[in-house]
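Welcome, and thanks for taking a look at this model. Please open the sequence and the coordinates side by side before reading on.

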Amino acid sequence: MKRNVMFVGSLTAEERATVMRFAIEIGDEAKIRTNCLLRPLDGALLENAFKEKEKEISKREKAYVDSVKNFDPKTVSSSLRDYLGEVTEDSYAKYVASLIKQEEEVKEHLRKSYSVTVDYAYLSKNDAAFHNSLSPRVTFGYSNELHEECSFALTRERKDALLDSSLGSDPDEQMDYGAFYLGETPLYYEDLEVKAGGETILSTVSHEQILDLWLSKEDFVKFVDFELNKKRNRKIAEKLLS
């Protein structure tokens with residue numbers, strides 16, 4: 001099943017919410033994140049988050065070094081050529097050195113500059129149980145703000161919970177890029193990502209208002225009948241395929 005990236009720039013907030021609900025319906029895995037900690041912060045959780053971030057930086061630095069060792073001018077991307085001009089082994093090595101320097105600066109300041117918000121005072125028992133069932137992990141992710149990231153299988157029960165969230169109501173133009181409220185408290189989640197058969201079909205970065213969508217011809221056949229609203233769905237499909 002070949003999936004192609006869709007252009008979603010012409011979709012309205014309501015239409016974006018529709019394709020997000022559709023992705024949840026046909027997906028089998030999902031990832032979401034909070035913007036705070038829904039639990040007390042202790043030293044072990046913080047240290048684990050630091051070590052995870054430092055390990056990621058070390059992995060990127062090793063990849064940079066390996067790319068210099070295996071430098072091949074034929075594999076240089078057009079965007080890097082636009083940035084550097086003529087890309088030689090020497091100019092590429094200097095470029096990589098600057099990237100490693102940036103990584104080292106991030107590593108140096110990681111433990112000196114970060115944000116933590118803890119907010120579970122009004123967390124209901126039902127919402128706490130649901131959230132914990134999603135295997136939340138305390139992490140910095142791609143930011144310096146500590147939060148919880150959930151990666152989980154999309155069971156029917158979890159699909160129904162996500163579809164019953166604010167994604168199913170009138171979306172806010174500023175808050176619909178994978179961001180939504182769910183439950184009694186309510187819980188706030190963002191950066192929704194959905195996979196089907198191991199392939200990403202939806203990826204969002206809420207704060208930057210980014211939504212990427214990958215669908216196949218087979219997916220569109222299912223989409224036409226989604227929520228028994230063929231007229232709406234055909235209109236959305238035309239925009240995605242134009």
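The notes below go from the whole chain to one helix pair and then to two cysteines.

This is a predicted model, in which local features need pLDDT of at least 70, side-chain atom pairs count only at pLDDT 80 or more, and totals for chains, interfaces and linings use all residues. Residues are numbered from 1 along each chain as its sequence is written, and side-chain values use heavy atoms, with hydrogens and water left out.

The protein chain holds eight helices and nine strands, taken as DSSP runs (H or I, at least four residues, for helices; E, at least two, for strands) numbered from the N terminus. Its C-alpha trace spans about 60 × 50 × 30 Å along the principal axes. Of the 242 residues, 38% are buried, meaning under 20% relative accessible area with a 1.4 Å probe, protein chains only.

Now to the helix pair. The axes (lines fitted to C-alpha atoms over the stretch in contact, with angles from 0 to 180 degrees between N-to-C directions) of α1, residues 13-26, and α6, residues 156-163, come within 9 Å and cross at roughly 175°. The two helices are therefore roughly antiparallel, the word for angles over 145 degrees. R21, I24, E25 and I26 of α1 meet R156, K159, L162 and L163 of α6, with contact meaning heavy atoms within 4.5 Å.

Finally, the structure has zero disulfides, a disulfide being a pair of cysteine sulfur atoms within 2.5 Å.

| Cysteine | Closest cysteine sulfur | Relative accessibility |
|---|---|---|
| C36 | C150, 11 Å | 8%, buried |
| C150 | C36, 11 Å | 0%, buried |

The sulfur of C36 is too far from that of C150 for a bond.

Terms used:
Parallel < 35°, antiparallel > 145°, perpendicular 65-115°, else oblique. Buried < 20%, exposed > 50% of the residue type's maximum accessible area, 1.4 Å probe, protein only.
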